[in-house]
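Please read this report alongside the sequence and the model, beginning with a pair of strands and widening from there to the whole chain.

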Amino acid sequence: MPRRAILACLFPLLALALTRSTDASPRDDSPRFLYTTAKSYEPLAWMRGGERFGSGATIFVHDQSGEHPLVAEFAASADPALSFDGHRVLFAAKRKMEDSWQIWELSLDGGNPRRVSSEPEDCIRPFYLPEDRIVYARRVEGRFVIESAPLAGGKPLPLTYSPANSVPTDVLRDGRVLFESEYSFGSPSIPEIYTVYSDGSGVEAYRCDHGRARYSARQISSGDVVFISGQTLARFTSARAQQLPISAPPGEYAGDVAEFQDGRLLLSWRPDAQSQFRLMAWSSGAANLSSVLADASVNLIQPVLLGPHVVPNRHPSGLHDWPSANLLCLNAYTSKYEFAPASIHSVRLYTRDEAGNPRSLGTALVEQDGSFFVQILGDQPLQIELLDSSGKTLKREAGYFWMRRGEQRVCVGCHAGPETAPENAVPMTLLKSTTPADMTGASRPAAAGGH
């Protein structure tokens, strides 16, 4: 395909009609980055276990020598992620179009691609973890689950145990995996943003103001998490318990933002649904975007700037070698929902049977201060329901969470939000007994409790 250099900054309208050029000669100070091209792109196809790139995709390198495919010998490639030292790249690829997507690694200093995953199913969206591990999503029986594995190869560790599709989007600087998953907020489900530690423990929604479609989240240098909300940009910041809008220029955004050293964002944007996504630069507060790269024939998405970046905190696992897990709720009344005083009488937990139907694990009494302490088997979907004294449902979770085997978890409340601090008090359930109510199916009697 003949190619020409894009003088996007001087001629933004002309740039829309020009194709990318392999013989272009960017300036030495021009940004170096990876990006993915795709004729068709459906960013939320993962929610049904589907294919995001219906006609294939190709990772390109944009550097001082121009533009060239990252792995020209592959039939398809996508989802580039850079190592912390900036010398290696993980990506999902197919050698032949009939192959499944697999995780590969390539040194940018030279050499041949090395296959990392060895599963028969599709493996997509890889990211580096500290200590030479990676995280990615694997399609299992038509559903995407998140796994971590040694970079050198080895047995993968599942990180997600809910019935929903889940796909990682970043690794936060504090060591948690940022991922997107389905949230059952009415029908159909919507995408929501979650975090989980690299051993699968501590899963939680990033924020509890559910109701908006949120996906393609990335953390920037300020610590904020930038994502797509609807078709525009929004962010989470540590100072606020709800998402905040970003006053970006109108149009549609595709997510996976990257950040220049001067603070500008490199992002995918298009003016309307009839156009292709192109790569644009934007400074916060600016009224307009500036074109970086455009091609009228394909979408340009998934920008990744080349260069070293911060190594996330290492997360040493605190899991015990037990089949069960313990959950202590300090106060179920601490919630985004309002409950009348003394209205919560008991808590019921559910999992799912082999047919996907809810199955009760049992019921435990809730103390007057709202506390309860239960034990369940780990590594299974879990759902909490709060009941009044007549057995009527006060509130039931819309989706499922999980606890890893050997996990010891303390929650401030029921749907209290990760930003809520606990009261400085010993919960009544522990004053009565330090033995949790047994919901594992064992014969041991449940701990005492209740009003």
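In this predicted model, S181 has E192 in β14 as its bridge partner. Strands here are DSSP runs of E with at least two residues, and helices are runs of H or I with at least four, both numbered from the N terminus. Residues are numbered from 1 along each chain as its sequence is written. Because the model is predicted, local features need a pLDDT of at least 70 and side-chain atom pairs count only at pLDDT 80 or more, whereas totals for chains, interfaces and linings use all residues; side-chain values use heavy atoms, leaving out hydrogens and water.

**Strand β14 and its partners**

The strand β14 covers residues 190-196, and seven of its seven residues are buried, where buried means under 20% relative accessible area with a 1.4 Å probe and protein chains only. I190, E192, Y194 and V196 point one way from β14, while P191, I193 and T195 point the other way. On the β15 side, T195 stands opposite E204. In the other sheet described here, R352 stands opposite P358 in β28. Two strands are said to pair if DSSP finds at least two bridges between them, and the table lists three such pairs.

| Strand | Partner | Sense | Bridges |
|---|---|---|---|
| β13 (residues 177-183) | β14 | antiparallel | seven bridges |
| β14 | β15 (residues 204-205) | antiparallel | two bridges |
| β27 (residues 346-352) | β28 | antiparallel | seven bridges |

**A four-strand sheet**

An open sheet with antiparallel pairing follows the order β28-β27-β30-β31. Its edges are β28 (358-365) and β31 (393-396), each of which has a single partner strand, so one side of each is left without a neighbour in the sheet. Neighbouring strands of this sheet are turned by 25° against each other on average, direction ignored.

**The whole chain**

The secondary structure of the protein comes to two helices and 33 strands, and buried residues make up 55% of the 451 residues. The C-alpha atoms fill a box of roughly 75 × 45 × 35 Å along the principal axes.

**Confidence**

The pLDDT, which is the predictor's confidence in each residue from 0 to 100, averages 90 over the protein, and 91% of the residues score at least 70. Over residues 21-28 the pLDDT is below 50, and this stretch has 19 contacts in the model beyond near neighbours in sequence, a contact meaning heavy atoms within 4.5 Å. Residues 443-451 also have a pLDDT below 50, with 24 contacts beyond near neighbours in sequence.

How values were computed:
Buried means under 20% relative accessible area, exposed over 50%, partly exposed in between (1.4 Å probe, protein chains only). Axes are lines fitted to C-alpha atoms, for helices over the stretch in contact, and angles run from 0 to 180 degrees between N-to-C directions.
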